[in-house]
Each structure stands twice: as C-alpha cells, then as structure tokens.
Amino acid sequence: MLNNLKPQAPDAILQLITLCREDTRATKIDLGVGVYKDGTGNTPVMKAIRTAGKQVWDAETTKVYTNLPGDPAFGNVMRDLVLADSVSADRVSAIATPGGTGAIRQAFELGRQANPDMTVWTSNPTWPNHVAILKFMGLPNSEYAYFDAESCTVDFDAMMDSLKGVKAGDMVLLHGCCHNPTGANLTLEQFGIVADLIAEKGALALVDIAYQGFGDGLEEDAAPTRLLASKLPEMLIAASCSKNFGVYRERVGCLMAVSETAASAPTTQANMNYLNRIAFSFPPDHGARLVTTVLSDPALTADWKTELEDVRLSMLGLRTQLADELRQRTNSDRFDFIAEHRGMFSRIGATPEEVLKMREDFGIYMVSDSRMNIAGLNPTTVPHLAEAIAKSCK
Ligand code: PMP
C-alpha cells in the first residue's frame with residue numbers, strides 16, 4: 001500500500017541549506033532558513049531560558065500529563081504577552097500547541113468546525129506553509145493582494161480591493177507583525193481599516209504572530225493584534241515562541257480565541273481542547289513551562305526583554321547598514337525599503353535568475369522569491385551582499 005504514496009517535492013529552503021553547506025567559498029552567506037543567528041552564525045539559547053531550564057529541572061517533581069489545553073498558566077502568560085488588557089480575560093480561551101504551526105493548524109480546524117464552508121484568505125505572498133496546510137486540509141483558499149513587487153511595500157489599495165470578496169463566515173489570516181516572507185507591514189491605522197472591513201463582512205480574523213519583539217518592540221509588535229481584539233467581536237490568534245524565546249526545537253505555540261461573550265468562551269475552550277485531544281492528546285509541556293517560568297518571574301522577564309531587544313536592534317542595524325551600502329553602490333534610493341521592512345526577512349524584488357546569479361557569482365544563498373534572512377548577515381558580510389545585489393539586480 002505504501003507503494004501508492006506519491007513522491008514529495010523536496011523543501012526548497014532545506015535544499016538551499018545543503019547547497020550552501022557544500023559551497024567551499026569563504027565569502028558565502030546563508031540567508032535562507034528562518035532562524036535568528038548572532039554575529040558568529042550561532043542560534044543561542046537565551047540566558048533567561050537557560051536559567052528557567054535549571055529552575056524547572058530542580059522544581060519539577062513529575063512528568064505526568066498536564067491538561068488538554070496544556071498548563072493553564074502558559075495560556076495566561078501568553079494572553080498577557082500578546083493581548084495585554086485589550087480584551088477582558090474571561091473572553092479568551094487558549095490551548096498550548098506544538099509550535100506556531102500547530103496553533104495555525106488548530107485555528108484552521110476550529111474555523112472549519114464553526115463553518116464547514118469557510119474560505120481562508122491569505123496574503124499574496126504568505127508563509128508557504130499556510131497555503132500548504134490549507135491545501136492538505138482541502139480548505140478553500142483565496143489570496144488577497146498584498147505586496148507591490150516594484151516598490152517592495154504593501155499595496156494597501158489593492159489589498160482592500162481584493163478583500164471586498166470576503167464573505168460572512170470566511171477566515172482572514174493576517175500577519176500580526178514582521179510579515180514573512182516580505183518584511184513589509186501594514187501601519188496600525190491600516191490594521192484598523194482592515195479590522196473594520198472584517199467586522200462589516202462578518203468574517204473571522206486569524207492573526208499569526210510569530211515574531212513579536214523582532215520588529216519595533218514587544219508592545220509595538222503586539223499593537224495590531226490588540227487593536228483587532230478591541231475592535232472585533234471575536235478573533236483567533238496563533239502565537240509562536242520559537243523565535244522570540246529562541247526555543248525552536250521545543251515546539252512552543254499557543255492558539256488563543258476571543259469569543260463574543262464570556263458566556264460563550266467555555267464552549268470555544270471545550271472545542272479547542274477537543275481538537276488537541278484528537279490531534280495529539282496533550283500538547284508538549286517542557287518548552288511552554290520554560291516560557292511560563294520566564295514570564296512569571298520579573299527578573300527573568302527583564303533579562304529576556306533585554307536580550308530580545310539586543311536581537312531586534314542588531315537586525316535593525318544590519319538593515320540600515322545594508323540600505324546605506326546599497327544607496328552608495330547604486331547611487332539611488334531604490335533599496336531604502338530594506339531599512340523600512342521589519343523582522344527577520346526582506347523580499348528584495350529580484351528575479352529568480354538574479355537570485356541564481358548572486359548564488360553562482362557571489363555565494364549568496366537566498367530563497368528564489370528573493371526573500372533573505374537579515375539575521376544571516378553580520379556587519380562584516382554586509383558589503384559583500386551589497387556588492388552582489390548591486391551587480392546582479394537590474
Ligand atoms: N508563522 C510564520 C509567519 C512563521 O514564519 C513561522 C515560522 N517560520 C511560523 C508561523 C511557525 O513557527 P513554529 O511552528 O516554528 O513555532
């Protein structure tokens with residue numbers, strides 16, 4: 001029977017890692033995979049997480065199952081981190097999930113339970129896994145216009161125009177901050193306009209927030225999600241701790257739902273618990289416990305915030321440096337958008353041929369849609385990338 005299985009296309013980003021590894025040039029730069037790397041190319045364990053790990057190790061007396069939604073303390077700290085006081089706590093339900101990916105999958109499942117005819121609207125482009133999961137689940141997927149490839153900014157008019165097609169009971173997936181793969185983001189005001197449209201249409205917003213703290217700051221990055229929560233009667237939030245706590249392999253995510261009233265929240269919670277039950281029973285706990293430990297201890301929280309801010313500022317510094325280098329080399333402001341983009345990624349608007357040329361001539365490894373991971377750079381490698389872009393992109 002297994003002979004019936006069809007071959008799976010290899011993952012483009014993972015293929016890129018292999019290609020880069022095999023490249024023997026000392027000047028090669030890996031801008032492919034979406035993990036944060038420090039100036040030495042390492043993805044460190046954050047100090048607060050290491051301390052929390054020791055505390056958990058010493059304090060934990062059992063490894064018995066938690067609850068279907070995970071440890072309720074984790075849901076509470078995530079609610080406070082992402083939503084703060086934008087919505088009353090008794091309207092919020094939460095489940096721990098294996099990573100942000102798990103939260104997104106459960107969000108789609110929950111939407112389908114609520115409306116089997118739902119179409120899910122995703123930005124063009126979006127994180128490819130959004131589309132892949134929807135396709136696998138057989139859920140209808142419509143794209144809304146988002147990125148203007150010419151200016152490398154958001155085409156908000158086109159976005160609003162395509163969202164006119166949203167119907168009551170559809171789901172609209174928005175990136176809460178640090179849009180992946182483009183790096184181009186809506187302003188807070190634009191988020192408000194989109195929220196009004198979603199409310200008017202009677203659709204359900206799903207905010208995917210995987211990079212809180214990587215853009216303009218922890219609070220600033222959560223502001224759009226909080227604005228939506230304050231404006232909309234109900235919404236879903238899929239949060240990932242992989243990047244901002246550096247706990248990638250622990251698989252720490254959280255699906256939160258804001259119900260219309262406190263009275264309807266227990267039913268929402270029960271449905272979310274059920275979705276965990278049928279998918280994997282109890283969600284992973286260790287990584288979630290590390291995050292809870294950090295966020296429940298003021299000293300550890302302060303330590304984590306300082307380190308996260310260093311990470312954020314280092315990426316912003318690299319953006320500014322790259323934009324400056326490109327301004328000098330191209331004698332134009334064409335690449336200024338790199339300094340305006342936020343988060344780990346920027347899509348720079350190069351053609352697949354230009355991306356290939358950068359790889360072959362300069363050892364620059366970026367995804368063929370010209371998404372690059374800013375964290376793959378350091379101040380000494382920026383000039384080499386600037387030269388590659390200036391010489392390869394028309
Ligand atoms: N959403 C977006 C936009 C992402 O970029 C990612 C990670 N690449 C995720 C969700 C999921 O993150 P994880 O499952 O690793 O927590």
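Of the 394 residues of the chain, 47% count as buried in this predicted model. The chain has a radius of gyration of 21 Å, which agrees with the value near 21 Å that a compact globule of 394 residues would have. Along the principal axes, the C-alpha atoms fill a box of roughly 60 × 55 × 55 Å. Among contacts with a separation of 6 or more, 75% are made by residues 24 or more positions apart.

The secondary structure consists of 14 helices and 13 strands. An unreviewed UniProt entry carries the annotation "domain: Aminotransferase class I/classII large", which covers residues 27-389. Over residues 27-389, helix accounts for 47% of the chain and strand for 15%. The C-alpha atoms at the two ends of this range are 14 Å apart.

The domain assignment divides the chain into two parts. Domain 1 is made of residues 10-45 together with 301-392, whereas domain 2 is formed by residues 65-296. The C-alpha centres of domain 1 and domain 2 are separated by 27 Å. To the contact between them, domain 1 contributes 24 residues and domain 2 contributes 27 residues. On the side of domain 1 that touches domain 2, at least two residues each are supplied by helix H11 (298-330) and strand S11 (345-347). H11 provides the largest share of this side, with six residues. By class, the residues of domain 1 that touch domain 2 comprise 11 nonpolar, seven polar and six charged.

The ligand is surrounded by residues from several stretches of the sequence. The shell includes Gly34, as well as Gly99, Gly100 and Thr101. Trp127, His175 and Asn180 also lie around the ligand, as do Asp208, Ala210, Ser240, Ser242 and Gly253. Helix H4, spanning residues 99-114, gives the largest share of this shell, namely three residues. In terms of residue class, the shell contains nine polar residues, two nonpolar residues and one charged residue. The nonpolar residues of the shell are Trp127 and Ala210, and the charged residue is Asp208. Glycines are among the residues counted as polar, and those around the ligand include Gly34, Gly99, Gly100 and Gly253.

Technical notes
Residues numbered from 1 in each chain as written. Predicted model: local features only at pLDDT ≥ 70, side-chain atom pairs only at ≥ 80, totals over all residues. Near = placed C-beta within 6 Å. Helix = DSSP H or I, 4+ residues; strand = E, 2+ residues; numbered from the N terminus. Domains from an automatic or database assignment. Contact = placed C-beta atoms within 7 Å. UniProt positions renumbered as here; feature names shortened; annotations may be inferred. Rg over C-alpha atoms; globule rule 2.2 N^0.38 Å. Buried ≥ 20, exposed ≤ 12 C-beta atoms within 10 Å, placed from the backbone.
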